[in-house]
Amino acid sequence: MKKLVLSLFMLLTLSASVFAQERTVTGTVVANEDGLPVPGVSVKVKEASGVGTTTGADGKFSLRVPANAKTLVVSYLGYIAQELAIQNGPITVSLVVDAKSLNEVVVTAGGLSATKAQLGTASTTVRAQELTQAKATNVAAALNGKVAGLQLNAVSSGVNPTYRLVLRGNRSLLGNNQALVVIDNVIVPSSILGNINPEDIEDLQVLNGGGAAALYGSEASNGALIITTKKGKRGTTTYKVSQTFNAEQVNFFPGLQNVFGSGADSDLQIYTSHENQQYGPAFDGSLKTIGDPLEDGSIQTIPYTANDSKKDFWETGLTSQTDFSMSTGDDKTQYFLSGQYVNTKGTTLHDKFNRFSLRLNGSREFSKTVSTNFSVNYIQNRYNVTTATSSMYDQLLQTPAQMPLTSYKDWRNDKFSTPDGYYNAYYQNPYYTLDNERQFVRNDYLTGNVDLKFKPLDWLNFLYRANITTQNASNKNWVDKYVRSAYTKALGLSSLKNNDIAGNVSDGESFSTQLFTEFQANVNKSLTPDLNLNVTLGASLRSNTAKNVGVAATGLTFQGLFNIAARTAANITGSESNSTSRQQAIYGDARLSYKNFLYLHATGRNDWFSTLPIANRSLFYPSVDASFVATNTLDFLKDSKVIDVLKLRAGYTTVGNVNLGAYSLLTTFGQTGGYPYNNNPGYAIGSTTYNPNLKPEKTSGFEGGIDLELFDSRISLNTTVYKTKTVDQIVPVNISIASGFSTYVTNTGEVTNTGIENTLNLIAYRNSNWEVSIGGNYTFNNNKVVSISDDITRLNLSSGGSAQVVAEAGSSYPMLRGTDFKRDSQGRIIVDPKSGYPSATESGVILGNTNPKHILGLNTAIKFKSLRLAAVAEYRGGYIAMASGGDSFDFSGSGIRTITYNRERFVFPNSSYLDPVSGQYVANTSLTVRDGGAGFWPSAAYNRSIATNYLYNGAYWKVREISLSYDLPKAWLAGMKFVKGVNLQAQGRNLFLFTPKENIFTDPDYILGNNAIGINTLGQTPPTRFFGGSVSVTF
Amino acid sequence: MRKLFNIFILGTVLLTSSCKKFLDVNTNPNSPTSSTPNIVLPAAIVQVASAMTSYDDFGGWTGGFKANAGGYGGWGTVWTYNFTTNDYSGMWSSSFSAINQLNFVINNTTADGPLKFYNAQARIMKAFIYAKLVDQYGDVPYSDAGQGLNKLNPKYDKYQDVYKAIFAELNAGIAIMNTPAVTNVTTPVTAGQDPFGGGSSAAGLTKWKQFAQTVKLKMLIRAQKVADLASWVATSKATLATAVGDYLTDDAIVQPGYSATTASQFNPQWSTYGWNSAGTSTGTGLSNLPTKWAVSFYNGGKYTDDVRGRLMYKSYGTSITQSIAGSNFVIPSGPAANQLGYDTEPVPRSISGSYWYSGALTGTAANAGTTVGGVLKGATMPQVLLTLAETKFLLAEASLASVNLVAGVTNTFYEDGITASYTYLYKGASYTWANPVTTASLALTASQTPTTITAAKTAYIAANPNATVTDGNGKIIKAVVDLSKATTDEERLAAIITQKYLAVHMINSEEAFNEYRRTGYPGVVGGSTDPIQTYASLKSAAPAADKLPTRVLYPAVEFQVNTENVPKGISPLTTKIFYAK
């Protein structure tokens, strides 16, 4: 794309040469990175100004040169200019990317482009190679550790995890904090990021601040990821086929004990054969019966010894990824066509996911002034997964270590595995659960885009853009029915064993469509020889429509038939929701360049939102930034041998953010309390009232930075500091229900973010065969909730459990708040003077911030000839997380915490008790807890309801990616007519996870969802590593 | 270039002029943003009905009917009585949820307009639920309430002002109903829109007026000894109905068409204790047990009443074996019961559907059952607002010479009250009674099966010893059952309130605690740990002689968002409610 635009430009300005000519020089210009010809490269004669040409679509040039010509100057924007001696015979020039990137052209907001020198704000470019080097199937996953200021969290584990991408910290209390995703200038839902084929991406531009992205409108207040997909190349046709296999394996198991088996009695360790709790006697290797006798009288007998089946429960997953792409083009028309099929089998048995995508990108020049670009992308994905991951995981923990868990897979036929015969009286066989509580999901995405360009004059051009993004989805969730035998029920063991499973089914369909049109007019004109003005004015319209319908029924008539019609309940329940929201905007972008060292840039945008009250619909927000390239003007720097580039930049921004969906201005009425009854409607007024003057949230921010390149650009350093302030947050505030409503949606609250982002890249060693580069990025973010509202100092972002994620005035955000031990004034844990047991505080206390303050990414690439080794590692620190599933570890007795004192009575560490005589708290050195087993660890009051027990330092080091790639030498392929290149690769992702000892639970990246960062659940299966290999062949 | 700008500006103007139409798409297609009183009134009445369960739950714990079941923890303030601002706040929120609906109806209708009957019904229902609220909280927002954005922080009105205001609303509602409908103008309330009275037919209006009169009587009874209200009681007395037939002649119930097949259409009391639509028993049913104190009113501990005992409780009088921590634990005579605060194993366990479901059915069959009597009858049972039994006991007290609010024979009212209690318990979920409808499920013997309810009542009165028992200080701790044996109005009052206590048992349990606070009956032996002498929790933190709490606290949200108005300095253990003795 970039090359295309530039070559167009050059073709137009080409002037014929009028010099006397004596001989003809011919040659080909190719790009060093991929060996493909580069069209539009300027080839000039050094000794005769005015003699020159540009390469054609096939990268070839032919130039008649005067007699005195000795040297050719070959230059192309973004590449290092080369001088070559004119020789006889064809010349091959291999262009090397200019590491001194000031002249690199990057895409900025609104689809505009600028050189890096012009940018007054921070941005990071991630190239295709870096994105696909570890063969992640999800683009988000491939960004980990590579971009300063970007924090990625896997919301979950599973076959296609979703990621939360946040730039420069969280700023909206309840609204969206995620970066905007733009693909080929089209704003797309962030779910597309998890579904787009990473192999289609040419580059990905991260605009860290709201200012850089302001032209995209209000959603850009959180920064943006701008993805440019691949385009066809002129003059060559290449086909690429590749196949990748990756295995997925659990790389971090929670800490489980393997000392004690089944039992649930306090004070005594008594073996109970059908018990889930593991507070029984220590393993002794003897033979023991498990469960209760079956109807046929049989009972299972197993050795009373711990085994590894809880680890073996997790399968080895497998992802197969098949890619095909074709790129072709001539002078006027280029196409890029690609297809990808990804098939994933997860670490949970029977969980499957597949994705198929097709893309066609094309461009055509109709005349010298009119051209078009278009793209169509179709993606479909299919999930077949269990809906009961969290119950399944809990059931796993409720399995004593002596149980041969993996032998219960065949729950249909094996008599000890059926719900009737399974040994555990209180918890279901996890294999049964994962097989019988399932979900089928189908998502189809179609995006299409057309750009039409008209360039009547060389300083003027117009662009019209229209695109559509649709998602069509359906899902079916079901729980199968199961009728227990009369024998099982008659045993009267538990409510689990006494009851049949009625089963249920729900079915839903939805679509969402976004239509978008945009018009831009661009003027790029030199006002004086030193002063250039580039102004773009634009207008856009956007319309989003969505619909969601669902039906559900309880009670299935037949086992294995999941149809709403085959139900036992009289009625089905159903729901429907529709929404339409629209936005229109006009905007302007002006860039003033003085010589090649001073750049001023201003943008302004006015949005109109359909979702806001009419009076507040319109919102204007401006931003300005400036860039000063000192090395291009200050003499002492110009001549410096050390400093190649020194650029200073600064910007100030305001961006509005509308965290308000459609129809959120008026109180609604709804059928409640069971209505309609007997065909009579009954509508109750809703409990939420709205500020009639709701307006958008506003984020204003300042950023400043330095870009430095040293020693022939072998060292580059970028540093950015920023401070943002978000005010007028749209927050539902609780109000007195006596007012008529219990919630009031209004503008209130202020959050500030300050931080620093640093990137350092270093080419440690380079010669003709070797290149060793090392890079790092470090981000520090500190945010603070300045205020929420007059009445409220805290907002809960999660509810339930012993700890909640909150936004609390005066603290950083998000924060974890939960119960702690009751402590005396010296911080010692108060225990009961009789029982020795501690207790929980009634209300929560602040436990700590859950967003990492420090994020460090390290990467390296070592190249030897065509062998390339790349690695990425990431560190996060300065935060805490909580395992909300931790109480299941202790309740069951599976958790390793529960054997801290070998199940014996122990003196609670750092404790004190109230001395009844003195009325003082005295240190407890001898009073032990009454019971160190089932009486203590499973107790909510003494242990499980105390959040601090499951709190851990979230710090970690992760080896995110290692890949080794080898291009077969061209010489080897010389004999093969069609094959242009063969690449072999081995890669691994998330290979190692290093955490502090206290983290015995899981990957701290996992979060509850939305803004509730900091709580992991049993809904997330253990973290995994991927490793495998791939082959790709270019024809 | 200028031309270009002109084009652009023109384009912008075109764009913005079409802007309004393009952007006017914010009309909600999913939910109505306006509504009419005639479809809000039914939802409002059903919300009043569902609010009853949070009151009953509070009364169940503080009135001595419920105790903790074994196997469940986290009781905290349930048994210490040191309530926090989060405890029982459902009474506040569910009442105001209903009041907000009723206010919508009242604000969108007039006393003499076409929707006047909606207006009148909403006023009466609002007064009823406000009276419930004031009886728990005292001062509450009234004059500022329900004004939305105009009053986000409504002020609190004095309890006496609220009492006076809602009493006036009741009179106003009656007055509206006494003016005839105007042909072709007045919109009648249809039967389907009025799940309480059955519409604005003559019978429906009569029922509403009877209800209003009974609520008025109840308010005056409660206020009669409140100094701040003494003069108001004296003057308001005149507006009370004089004929017995002007008060409720049947239980005041709400029946919108509760269904056993749709989870959201279950009777709210049933969905608290019974089984859900998939046949799974609820946590509340499994974690709450009858108290030994309450059972003693039936099994001979204090009184003998096997008929109501069997109607009330599962396994009444039969031996129960429970497996607790691996050993069998035998309860010789059911139901399994506990004393609040007792938690040393073995603590009896509850059962699916709780011990207050006396039928033999379980799961979805129990939900759908219509012929089981008692307090938990089935998912389709109607929700009680005010029982006929309570009405009769109000009349009985009102007719005492020392009270003198209503004329009549106290003993007749009293015995009618007992009869009404039997009648209600004998009815199944379909609210029809056919003697002996529940014989099979209750396993009543022939001699225990009364041929008529009246015979049951007579047998009950005859079977119990009839002498008032007092403690050393002359405080009545056991009232007579046969009212004719009572010699003073105080003894009569003790008997009336004791019978009312049994009539509201797990139906409107909060009235048991209210009346205890007002009259001290049924009497408890303060400081005793004997589960039959007192129902106070073994873990009570209350300093009072009876070891019982005095009231609930205002909910936490009021302290957070209505800080300047919410009354402060209230203790759940020492601050008495306005009508407390």
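Select B:Ala401 and B:Asp489 in this predicted model. The backbone nitrogen of B:Ala401 lies 3.5 Å from a polar atom of the B:Asp489 side chain. Add B:Ser402 to the selection: its side chain makes a polar contact of 2.7 Å with the side chain of B:Asp489. If sequence neighbours within four places are set aside, the residues in contact with B:Asp489 are B:Leu400, B:Ala401 and B:Ser402. Colour by secondary structure, and B:Asp489 appears in helix H19 of chain B, which covers residues 489-503. Is B:Asp489 buried or exposed? B:Asp489 has a relative accessible area of 19%, and because the cut-off for buried is under 20%, B:Asp489 counts as buried.

**The contact between the chains**

Show both chains and select the residues where they meet. Chain A puts 64 residues into the contact, and chain B puts in 62. The two chains bury about 5200 Å² between them, with 65% of that area on carbon and sulfur atoms. How many salt bridges cross the interface of chain A and chain B? The rule finds 1. To see a salt bridge between the chains, select A:Arg617 and B:Asp24, whose side chains meet at 2.5 Å, N to O. Polar contacts between chain A and chain B come to 19 residue pairs, counted with both residues at pLDDT 80 or more.

Next, hide chain B and look at the side of chain A that touches it. The elements that give two or more residues to this side are strands of chain A: E25 (460-479), E26 (504-528), E27 (531-554), E28 (573-594), E29 (598-609), E33 (683-685) and E34 (688-690). Which of them has the largest share? Strand E28 of chain A does, with 11 residues.

**Salt bridges within chain A**

Over all chains, the count of salt bridges is 58. For one within chain A, select A:Arg359 and A:Asp184, with their closest N and O atoms 3.7 Å apart. This pair links distant parts of the chain, the two residues being 175 residues apart. A:Arg359 sits in strand E22 (residues 352-365) of chain A, and A:Asp184 in the loop between strand E13 (180-183) and strand E14 (186-188). Both ends are covered: A:Arg359 is buried at 4% relative accessible area, and A:Asp184 is buried at 11%.

Move on to A:Arg438 and A:Asp351, which form a salt bridge of 3.3 Å, N to O. A:Arg438 belongs to strand E24 (residues 437-457) of chain A, while A:Asp351 is in the loop between strand E21 (333-345) and E22, so the pair ties together parts that are 87 residues apart in sequence. A:Arg438 is buried, with 5% relative accessible area. A:Asp351 is buried as well, with 8%.

Then select A:Asp820 and A:Arg823, a salt bridge in which the closest N and O atoms are 2.7 Å apart. Here A:Asp820 is buried at 12% relative accessible area, whereas A:Arg823 is partly exposed at 36%.

**A network in chain B**

After these pairs, select a group in chain B: B:Lys132, B:Asp135, B:Lys218, B:Arg222, B:Glu390, B:Glu397, B:Lys500, B:Glu510, B:Glu511, B:Glu515 and B:Arg518. Salt bridges that share partners join these residues into one network.

**A nonpolar patch on chain A**

Switch to a surface view and select A:Tyr765, A:Trp770, A:Phe864, A:Leu867, A:Leu869, A:Ile962 and A:Leu964, which make a nonpolar surface patch of about 560 Å². Which strands each supply at least two residues of the patch? They are E47 (867-877) and E52 (956-967) of chain A. One of the patch residues, A:Leu964, is found in strand E52. A:Leu964 is partly exposed, with 39% relative accessibility.

**A buried leucine in chain A**

Last, select A:Leu72 in strand E5 (residues 71-75) of chain A. A:Leu72 is buried, with a relative accessible area of 0%. Which residues does A:Leu72 touch, not counting those up to four places away in sequence? They are A:Val25, A:Val43, A:Lys44, A:Val45, A:Phe61, A:Leu63, A:Gln82, A:Glu83, A:Leu84, A:Ile86 and A:Ile91. To relate this site to the patch, draw a distance from A:Leu72 to A:Leu867: their C-alpha atoms are separated by 31 Å, and the residues are 795 apart along the chain.

Technical notes
Residues numbered from 1 in each chain as written. Chains lettered and ligands numbered in written order. Predicted model: local features only at pLDDT ≥ 70, side-chain atom pairs only at ≥ 80, totals over all residues. Heavy atoms only, no water. Salt bridge = Lys/Arg side-chain N within 4 Å of Asp/Glu carboxyl O. Helix = DSSP H or I, 4+ residues; strand = E, 2+ residues; numbered from the N terminus. Buried < 20%, exposed > 50% of the residue type's maximum accessible area, 1.4 Å probe, protein only. Patch = residues over 30% accessible without salt bridge, like charges linked within 9 Å, V, L, I, M, F, W, Y side chains within 5 Å. Areas by Shrake-Rupley, 256 points an atom, 1.4 Å probe, with all protein chains shown as cover. Contact = heavy atoms within 4.5 Å. Buried area = accessible area lost by both parts, 1.4 Å probe. Polar contact = N/O pair within 3.5 Å; in protein donor to acceptor, adjacent residues only side chain to side chain.
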